[in-house]
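User: I am new to this structure and would like to learn how to read its features one at a time. Could you take me through them, with the general idea before each case?

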Amino acid sequence: MKNVNVLISGAGIAGVTLAHWLRQHGFTPTVVERAPAIRAGGYKVDIRGAALTVAERMGLLEEIRALRTDVRRGTVVDAVGKSVASMDGDTFGGRTHGDAEILRGDLHRLLYQRTAESVTYLFGDSITALRETPDGVEVDLESGRSRTFDLVVGADGLHSVTRALAFGPQERFVHDLGYRISICDVPNHLGLDREEVTYVGPGKTMLAYSTAGQEGAKAMFLFGSAELSGEPSDRAGRRSALASVYGGEGWEVPRFVASAAAAPDLYYDSISQVRMDRWSAGRIVLLGDAAYCASPASGQGTSLALVGAYVLAGELAAAGGDHHAGFAAYEREMRPFAEANQKLGPANIKRMVMRTRGQVRVSMAMLGLLDRLPGKEWIMAKAVAPIHRAANAIALKDYRTTVRSS
C-alpha cells in the first residue's frame, strides 16, 4: 500500500466516516477541523437506501435505531393554527424501507467515537495553502504548522476551503437554487411531544418539531431569496432578515421568529448545489458537500456523505493507494449516484416553499382532501418514491471482502 498518510479537511459526517474506513483499510488519516470540537446538536437527518448498508457495515445501525428521533406525528396548520392535514411521523417524513431518522449531532457523535482513539484530530485549525509536489502535498495550517501528506481530501462542506485552493473560487461551482434556510433551537412553547408542525405562507415555510429525549424544540425557516430586500452578511442581519421575511405571518410564527432572534446557534445559508466536472486534481480529492452537495432540499446530504466516504476509501484501498486509479474509480462509482440525488433538490424545494397565495391555497386544499382519503399512506409513499429510487441508485461493493482478497 502506498500513499498511506492522508489529510482530511473537515470533521463532519463525510470526513469522520472517511477516517474510519481509511483506518480500516490500513491508511493513516489525520483530520483537521476549524471548530474546537465535534459539533453537537444540528437538525434531524434521514439515513436511507445505500447509506443504511454503510451504517450496517460500520456496525452502527442498531445504535442509530436506538437514537431515532421517534417523531410520531406530522401536522400542517393554516394561518389561524387549524390543522389542515395530519399523519403519522414516518408517512409525513416519507420514511419507508427501514429508513432511520436521527439528530445529526447524535450520528456525528457515534461516528467520532469509532475513530477518536485511532485517528489524529487537529481541532481549532484549518488549511491555508496547498502545494503539490511529485511525492505529496505540502500543507500550511492556520496555526502556523506545515506538514506534508501523501494525499489531501476536502470534506469541508458547501463553502469548502480545500476546493477553493485546489480548483478555484466558489462562484464557479456553487449554484444557488434561489432559497434560504435557517435553523435553531427554540423553547418548546407549544408543548410538542415527538411531533412536527408546519406552517406554509407565500414564499416561505416554517416548521417546528420535538424529538425523543429533547426538552426544547427546533425551528426551521425556508424562504425564497426574492423575499429578501438584500442579502444579510452577519448574524444581526440574518436575524433582521427573518423578522422582515416572516413579519405579518399567522399562527405562532412571530413567536418563533422572536425565539430565533435570541438563539445563539442560529444557522443560516443558501439552498445551493455543488456541480463539478471532476472531483480530483492530482493528489487532492473532494468528498461530500464539497464535491456534490445536493442541498438540504434533497433530503440526501447525510446519505451522500456516508456512501461517498465508504466508496472513496474502498476504491483507494482497492487501487493499493494509487491515487490516480483510486480517485478515478471513486468518481465512476459515485457520480451517477450523486447526480440522481441532486435532481431531487430543485423539485423538492418548489413543493416545500409555495411562491404565491394561490399556490398556498391550492396546496392546503389538496392536503385537506388527502387527509380525508382512505389509503393516504399509499399516496404519500408514491409521492416520495423518487427519493427512495435515488437513495438506492448505487450498487455498493463490499470493499471489506474485495480489498482483503486483492
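User: How should I read burial, and is Asn348 buried or exposed?

Analyst: This is a predicted model, and burial is read from relative accessible area, with anything under 20% counted as buried. Asn348 has a relative accessible area of 10%, and therefore counts as buried. Asn348 lies in helix α12, which covers residues 344-352. Leaving aside residues up to four places away in sequence, Asn348 touches Ala297, Ser298 and Ile387. Asn348 and Pro296 are 52 residues apart in sequence, while their C-alpha atoms are 9.6 Å apart in space.

User: Where does Glu196 lie, and which residues does it touch?

Analyst: Glu196 has its place in strand β13, residues 195-201, and is buried because its relative accessible area is 9%. Its contacts, not counting residues up to four places away in sequence, are Lys44, Val71, Arg73, Gly74, Thr75, Phe92, Leu207, Ala208 and Tyr209.

User: Lys44 is on that list, so I would like to turn to charged pairs. How many salt bridges does a search of the whole structure find?

Analyst: A salt bridge is read from the distance between a side-chain nitrogen of Lys or Arg and a carboxyl oxygen of Asp or Glu, which has to be within 4 Å. The search finds 24 salt bridges in the whole structure. One of them joins Glu101 and Lys44, with 3.4 Å between the closest N and O atoms. This pair links distant parts of the chain, since Glu101 is in strand β6 (residues 100-103) and Lys44 is in strand β3 (residues 44-47), 57 residues apart. Glu101 counts as buried because its relative accessibility is 5%, and Lys44, at 12%, counts as buried too.

User: Which residue forms a salt bridge with Arg48, and where do the two partners lie?

Analyst: The partner of Arg48 is Asp99, and the closest N and O atoms of the two are 3.5 Å apart. Here again distant parts of the chain are linked: Arg48 is in the loop between β3 and α2, whereas Asp99 is in the loop between α4 (89-92) and β6, 51 residues apart. Arg48 is buried, with a relative accessible area of 3%, and Asp99 is buried as well, with a relative accessible area of 13%.

User: What about the pair of Lys397 and Glu333: how should its surroundings be read?

Analyst: The side chains of Lys397 and Glu333 meet in a salt bridge, at 3.7 Å from N to O. Lys397 lies in the loop between α15 (385-391) and α16 (399-405), and Glu333 lies in helix α11 (residues 323-342), so the pair ties together parts that are 64 residues apart in sequence. Lys397, at 33% relative accessibility, counts as partly exposed, and Glu333 is partly exposed with a relative accessible area of 24%. Salt bridges can also share partners, and in this way Asp70, Arg72, Asp193 and Arg194 are joined into one network.

User: Next I would like to read how helices pack. At what angle do α2 and α10 pack?

Analyst: The packing of two helices is read from the angle and the distance between their axes, and then from the residues that meet. Helix α2 (residues 50-57) and helix α10 (residues 301-318) pack at about 55 degrees, with their axes 8 Å apart. That angle makes α2 oblique to α10, and α2 passes α10 in a left-handed crossing. On the α2 side Ala50, Ala51, Val54 and Arg57 meet Ser303, Leu306, Val307 and Tyr310 of α10. The residues of this contact divide into six nonpolar, one polar and one charged.

User: Why can α2 be called largely enclosed by the rest of the structure?

Analyst: Six of the eight residues of α2 are buried, so α2 is largely enclosed by the rest of the structure. The buried residues are Ala50, Ala51, Leu52, Val54, Ala55 and Arg57. After α2 comes Gly59, whose phi is positive, near 75 degrees.

User: How do α1 and α10 cross?

Analyst: The axes of helix α1 (residues 13-24) and α10 come within 8 Å and cross at roughly 30 degrees. The two helices are therefore roughly parallel to each other, and their crossing is right-handed. Residues of α1 in the contact include Leu18 and Trp21, and those of α10 include Leu306 and Tyr310. This contact divides into 12 nonpolar residues, two polar and no charged.

Methods:
Residues are numbered from 1 along each chain as its sequence is written. This is a predicted model: local features need pLDDT of at least 70, side-chain atom pairs count only at pLDDT 80 or more; totals for chains, interfaces and linings use all residues. Side-chain values use heavy atoms; hydrogens and water are left out. Axes are lines fitted to C-alpha atoms, for helices over the stretch in contact, and angles run from 0 to 180 degrees between N-to-C directions. Helices (H or I, at least four residues) and strands (E, at least two) are DSSP runs, numbered from the N terminus. Angles under 35 degrees count as roughly parallel, over 145 as roughly antiparallel, 65 to 115 as roughly perpendicular and the rest as oblique. A crossing is left-handed if the near helix is turned anticlockwise from the far one by less than a right angle, and right-handed if clockwise. Contact means heavy atoms within 4.5 Å. Ala, Val, Leu, Ile, Met, Phe, Trp, Tyr, Cys and Pro count as nonpolar, Asp, Glu, Lys and Arg as charged, and the others, Gly among them, as polar. Buried means under 20% relative accessible area, exposed over 50%, partly exposed in between (1.4 Å probe, protein chains only).
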